[in-house]
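Me: I am new to this structure and would like to go through it step by step. Could you take my questions in turn?

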Number of protein chains: 2
Amino acid sequence: MARKATTLADVAAAAGVSVSLVSKVLNNTGRASEETRRRIHDAVERLDFRPNALAKSFARGRSELVGIIIEDASEIFSSMVLRGAERRLAAAGLATLVCDAAESDQRRSQFVRALEARHVDAVLVIGSGPSGLYPSVSDRLSCPVAYAFCESDDPADVSFLPDDHGAGRLAAEHLLSLGRTRIAHIGEGSERGAELRTRGFVETLAAAGHPVEPIFGDWSKAWGLQAVNRLIEAGTDVDAIFCANDFIAYGAYVGLRAHGLRIPEDVALVGHDHFSMDPPQRRSGFLTTIDPNLPALGDAAARHLIAPGTAADFAPKLVVGRTTAGGQAAPDLATLLEFIDQLL
Amino acid sequence: MARKATTLADVAAAAGVSVSLVSKVLNNTGRASEETRRRIHDAVERLDFRPNALAKSFARGRSELVGIIIEDASEIFSSMVLRGAERRLAAAGLATLVCDAAESDQRRSQFVRALEARHVDAVLVIGSGPSGLYPSVSDRLSCPVAYAFCESDDPADVSFLPDDHGAGRLAAEHLLSLGRTRIAHIGEGSERGAELRTRGFVETLAAAGHPVEPIFGDWSKAWGLQAVNRLIEAGTDVDAIFCANDFIAYGAYVGLRAHGLRIPEDVALVGHDHFSMDPPQRRSGFLTTIDPNLPALGDAAARHLIAPGTAADFAPKLVVGRTTAGGQAAPDLATLLEFIDQLL
DNA sequence: TGGCGATGGTCAACCGGTTGACCATCGCCA
DNA sequence: TGGCGATGGTCAACCGGTTGACCATCGCCA
């Protein structure tokens, strides 16, 4: 414990060469004979030399640290983005300094100053979705900055947003591919992401000759239930529904079942988000849904910071479950129990 | 952007003093006349000097960085602990390097090495609850280490665990204070935390002359529902139930209502965890529950690292809701809708 | 045999702070 | 008037790497 760590100088002495040569050999720069390299690596091994990252950073003027400013780390979507970004950065040997700004201007400013002081190599901002513009912090930082899961209010900044329009299109294409034609959409009425999903969905269906009259509420299961009741009471004849998120879809499921409709035989059901809130692990297989691929979004933003220009795909993915897949066997007992728990 | 940052030397030149004096004045060490201090602070202001944290850390041999190894950052309980720890560390000017080990030995080792290389000042390990012992990493690190939300397998380490036994006691005391006497417990049968809650609950009631026969299942709403059915079908006469977590309590609520029982008039209901999984924000007011106070646990662990010996309280807290509080007005419409959504 | 490029290495400055040793000056007291 | 402690400051080494300039030696070719 705390025995003086071995330094480059120790290694140099042990190998009988200069400190600078050791540095060069370990960084694969400069020339050295095979014999000398071997002696140096031997010494490194014997003395268990691990370079002092602090000194290294200082000497290089690069901290090998990336700052991440996140508006709400406990929010599930942001945290997915964060997770994807962190993995990519860690793989590149970059550690991350995560700051939860908690929507506070003061905390945000404080963090920006702290990150600047620590000379981070780059900063990634993770916002709280596509609603509204994020106040740019780029001019207060002297390193590259990228914005993920939000759009900077400075057009010069690089922002990464999920493809909500594409998500809607994907849902529409899936339902069309199943031969459904009497299609409804239960949307959400206030957020930009929902609006884009609705547009992607409606436009794709319109182009295929199937006009849709979306109806709008909030993100809740209660709204999904209510919306289905409203559709059925109005006599609307549907064989497929796309819901703005999975909660709404769960509510819709209950509503459809309550009216004696079979899923997917009578009505195919598609959600969006690809997660159940019930115990932490994701469950899949039940609800067909669109996965917004948020870790890939974070990954793409991180890659942009590490190596600008690298192409990265973060398109939403269709996840087919039993609410659209036809002809599958009856659910087994475990699945059934899980499902009851889901609905409860 | 990227204009050469001002250094101590710039400030010293501007103030007409030596670099070392500036350093001493800014760190409040060493002596200087009022006049000189003023000139230095003026120069700092004018040149917008912000010390290079990288150089500072290097010179001091302290990184002002704390490593946090967390087994699953997306898990709600761990993340509460993390949040509490981060706030405390940030308040002390310490930035955190968070590593999500994802239960992988390899990643864990990798992180330990990385943290050691970066010369972090301390390391906090956040485990995944009181089940099992956490393999100590202290001997691979040359800085203080603390364990939160898990217990290290090395007795020499300092571990912080939630007081599950106290949580059970708290639930029992609350129900007793309401005059309930025919009390049941719906427990969970596999995890150590649940076991401790059960013991705290049962022991407290036994001491008060009210023996309890706990029944055990899993953490699900389905189990809560099933357990209530089982109790009622067995003819058990209860006026209060403590459930191992909130999910079970929700299920129990549905079961009780289905049997026409009023809550809290006929049966008082207490859960544990203090969160609803439905949309990210916590909702309260409905279910009486025990809050394990996990942010305070994280805070306490962080304080231990910053200033060992500091007393810190992280006892669980009783949160009284409408499932035990009697005599309150009927819920308003908004609450009712929220509740329906909760149950769905 | 003289010149030149390649090979294998050393030297010293530098990154930007911190810290202990040291020094000059001043006022006060004996 | 000599000595001493307090005041206000400077000097230089140090933290542990990195990097460009430079140098000696060697083999090869003209």
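Reply: Before the questions, one term is needed: helices and strands are DSSP runs, of at least four residues for helices and at least two for strands, and they are numbered from the N terminus. Please also keep in mind that this is a predicted model.

Me: Which element gives the largest share of the surface near DNA strand D?
Reply: The surface near DNA strand D receives at least two residues from each of helix 2 and helix 4 of chain A and helix 2 and helix 4 of chain B. Among the residues that surround this strand, the closest are L8(A), S20(A), S23(A), S18(B) and S20(B). The largest share, five residues, comes from helix 4 of chain A.

Me: And which element gives the largest share of the surface near DNA strand C?
Reply: DNA strand C is surrounded by 26 residues, and the closest of them are S18(A), S20(A), L8(B), S20(B) and S23(B). Two or more residues come from each of helix 2 (19-26) and helix 4 (53-60) of chain A and helix 2 (19-26) and helix 4 (53-60) of chain B. With five residues, the largest share belongs to helix 4 of chain B.

Me: How many charged residues does the surface near DNA strand C have?
Reply: Sorted by class, this surface near DNA strand C has 11 nonpolar residues and 11 polar ones. The charged residues of the surface near DNA strand C number four.

Me: What radius of gyration does chain A have?
Reply: The C-alpha atoms of chain A fill a box of roughly 90 × 45 × 40 Å along the principal axes. For a compact globule of 344 residues one would expect a radius of gyration near 20 Å, whereas the radius for chain A is 27 Å.

Me: Why is strand 3 of chain A largely enclosed by the rest of the structure?
Reply: On one side of strand 3 of chain A, A122(A), L124(A) and I126(A) are buried, and on the other side V123(A) and V125(A) are buried too, which leaves both faces covered. Strand 3 (residues 122-126) is therefore largely enclosed, since the number of its five residues that are buried is five.

Me: Which residue of strand 5 of chain A stands opposite I126(A)?
Reply: Strand 3 of chain A pairs in the parallel sense with strand 1 (residues 65-70) of chain A over five bridges, and there V123(A) is the bridge partner of G67(A). Strand 3 also runs parallel to strand 5 (residues 145-148) of chain A, to which four bridges join it. In strand 5, the residue opposite I126(A) is A148(A).

Me: Which strands stand at the edges of the six-stranded open sheet of chain A?
Reply: The open sheet of chain A has the order 9-8-10-11-12-13, with mixed pairing. Each edge strand has a single partner strand, so one side of it is left without a neighbour in the sheet, and the two strands placed in this way are strand 9 (215-217) and strand 13 (317-319).

Me: At about what angle does helix 10 of chain A run to strand 11 of chain A?
Reply: Helix 7 (residues 164-177) of chain A lies across strands 8, 10, 11, 12 and 13 of chain A, and runs at about 165 degrees to strand 11. Helix 10 (residues 246-258) of chain A lies across strands 8, 10, 11 and 12 of chain A, and its angle to strand 11 is about 155 degrees.

Notes: Residues are numbered from 1 along each chain as its sequence is written. Chains are lettered from A and ligands numbered from 1 in the order in which they are written. This is a predicted model: local features need pLDDT of at least 70, side-chain atom pairs count only at pLDDT 80 or more; totals for chains, interfaces and linings use all residues. A residue is near a molecule or strand if its C-beta atom, placed from the backbone, lies within 6 Å of it. Ala, Val, Leu, Ile, Met, Phe, Trp, Tyr, Cys and Pro count as nonpolar, Asp, Glu, Lys and Arg as charged, and the others, Gly among them, as polar. The radius of gyration is taken over C-alpha atoms; the globule rule is 2.2 Å times the number of residues to the power 0.38. A residue is buried if 20 or more other C-beta atoms lie within 10 Å of its own, exposed if 12 or fewer, and partly exposed in between; C-beta atoms are placed from the backbone. Two strands pair if DSSP finds at least two bridges between them. Two residues are in contact if their C-beta atoms, placed from the backbone, lie within 7 Å. Axes are lines fitted to C-alpha atoms, for helices over the stretch in contact, and angles run from 0 to 180 degrees between N-to-C directions.
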